[in-house]
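Trainee: I should like a close look at one part of this structure, beginning with strand pairing and moving on to the side-chain contacts around it. Please give one connected account.

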Amino acid sequence: MDVLSVIHGNRARAGVFGEVVEERGHRLDEWSLAWGTPLPQPLDSYEAVLVFGGAMHADQDDRHPWLLEENMFLQGLLAIHTPVLGVCLGAQLLAKAALAPVYRAPSPEIGWVEVELTGEAGDDAVFSQLPERFEAFQWHYYTHDVPGGGFELARSAACTQAFRLGESAWGIQFHAEVTLAQVESWLESSVDDEERANLPPDLLESTRARIDDWNELGRTLCGGFVEAAERVSIAA
């Protein structure tokens with residue numbers, strides 16, 4: 001398959017998800033409207049799409065006008081049922097494209113937060129192989145409602161952590177793709193006062209201790225998504 005990785009700058013990229021895609025013999029292209037590159041044409045150029053995080057927020061169309069173009073792109077993917085998986089900002093943008101409200105969370109989640117699967121996750125193509133509870137790496141200030149007709153697959157004490165829309169679109173609020181090198185780079189570039197105030201003091205130490213197990217969970221999750229996309233591609 002040809003798989004598209006949609007990014008929003010240099011900080012949040014495919015991580016272990018990219019490794020999974022390529023290990024399964026597929027081609028991964030990286031693309032970003034934030035770089036001023038045009039939309040992929042035609043819309044069905046890719047058999048699967050991954051949408052990653054970014055430093056901006058999903059409601060900042062005024063600061064980042066290209067978010068409006070990306071919203072239309074995601075709406076198009078949903079309309080033609082292209083398998084798509086959104087991560088953090090990517091999940092928020094996917095929910096927004098499906099007309100769900102996106103808004104600032106009551107409190108930010110940065111660091112390791114317990115996530116619990118819902119009953120809907122039991123037979124889900126992406127989530128059925130995950131543990132019922134796990135500590136997930138988080139870095140977000142915004143959240144979203146579950147899109148109409150969608151299913152909540154996981155949640156934390158603060159907000160929805162995962163959803164499925166139809167049989168081909170998933171969103172996850174936590175960073176299952178993240179590598180240790182990515183976390184280290186985020187910490188090095190976290191200069192915003194609000195961000196510094198919300199950083200757990202032991203975040204780097206705890207991440208170094210957990211990252212290997214976390215990357216295995218990420219590989220399992222992404223593997224489930226790729227398998228679902230492969231089935232769609234074969235059926236087509």
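Mentor: The model is predicted, and the values below are computed from it. We begin with strand pairing. Strand S5 (residues 102-117) and strand S7 (residues 151-155) run antiparallel and are joined by 2 bridges. Within this pairing, Leu117 has Ala154 of S7 standing opposite. S7 also pairs with strand S8 (residues 160-165), again in the antiparallel sense, over 4 bridges. Here Glu152 has Phe163 in S8 as its bridge partner. The connection from S7 to S8 is a hairpin of 4 residues.

From the strands we turn to a charged side chain. Glu70 belongs to helix H2 (residues 66-79). Is Glu70 in a salt bridge, or without one, and which side chain of opposite charge is nearest? Glu70 is buried and has no salt bridge, and the nearest side chain of opposite charge is Lys96, 9.7 Å away. The cut-off matters at this step: a salt bridge requires a side-chain nitrogen of Lys or Arg within 4 Å of a carboxyl oxygen of Asp or Glu. Apart from neighbours within four places in sequence, the residues in contact with Glu70 are Val6, His8, Leu33, Val51 and Leu93.

Lys96 does have a salt-bridge partner. Asp61 and Lys96 form a salt bridge in which the closest N and O atoms are 3.0 Å apart. Asp61 sits in the loop between strand S3 (48-51) and H2, while Lys96 sits in helix H3 (residues 89-97), so this pair ties together parts that are 35 residues apart in sequence.

In general terms, side chains of opposite charge can pair when their charged atoms come close. The structure as a whole holds 14 salt bridges. One of these joins the side chains of Glu23 and Arg219, at 3.1 Å from N to O. Because Glu23 lies in helix H1 (residues 15-23) and Arg219 in helix H6 (residues 203-235), the pair ties together parts that are 196 residues apart in sequence. Glu23 counts as exposed, at 57% relative accessibility, whereas Arg219 is partly exposed, with a relative accessible area of 24%.

Another salt bridge brings together the side chains of Arg27 and Asp29, at 2.7 Å from N to O. Arg27 counts as partly exposed at 42% relative accessibility. Asp29 has a relative accessible area of 19%, and buried means under 20%, so Asp29 is buried. Asp2, Arg27 and Asp29 are joined into one network by salt bridges that share partners.

The aromatic side chains complete this account. A search of the whole structure finds 11 aromatic pairs. For Trp170 and Phe225, the ring centres are 5.9 Å apart and the planes stand at 85°, so the pair is edge-to-face. Trp170 lies in strand S9 (residues 169-172) and Phe225 in helix H6, so the pair ties together parts that are 55 residues apart in sequence. Both Trp170 and Phe225 are buried. Helix H6 thus appears in two of the contacts described here, holding Arg219 of the salt bridge with Glu23 and Phe225 of the ring pair with Trp170. Ring pairs also link Trp112, Phe134, Phe137, Trp139, Phe174, Trp186 and Trp214 into a cluster.

Note on methods. Residues are numbered from 1 along each chain as its sequence is written. This is a predicted model: local features need pLDDT of at least 70, side-chain atom pairs count only at pLDDT 80 or more; totals for chains, interfaces and linings use all residues. Side-chain values use heavy atoms; hydrogens and water are left out. Two strands pair if DSSP finds at least two bridges between them. Buried means under 20% relative accessible area, exposed over 50%, partly exposed in between (1.4 Å probe, protein chains only). Lys and Arg count as positive and Asp and Glu as negative; His and the chain ends are not counted. Contact means heavy atoms within 4.5 Å. Rings of Phe, Tyr and Trp (its six-membered ring) pair if their centres lie within 6.5 Å; planes under 30 degrees apart count as stacked, over 60 as edge-to-face and the rest as tilted.
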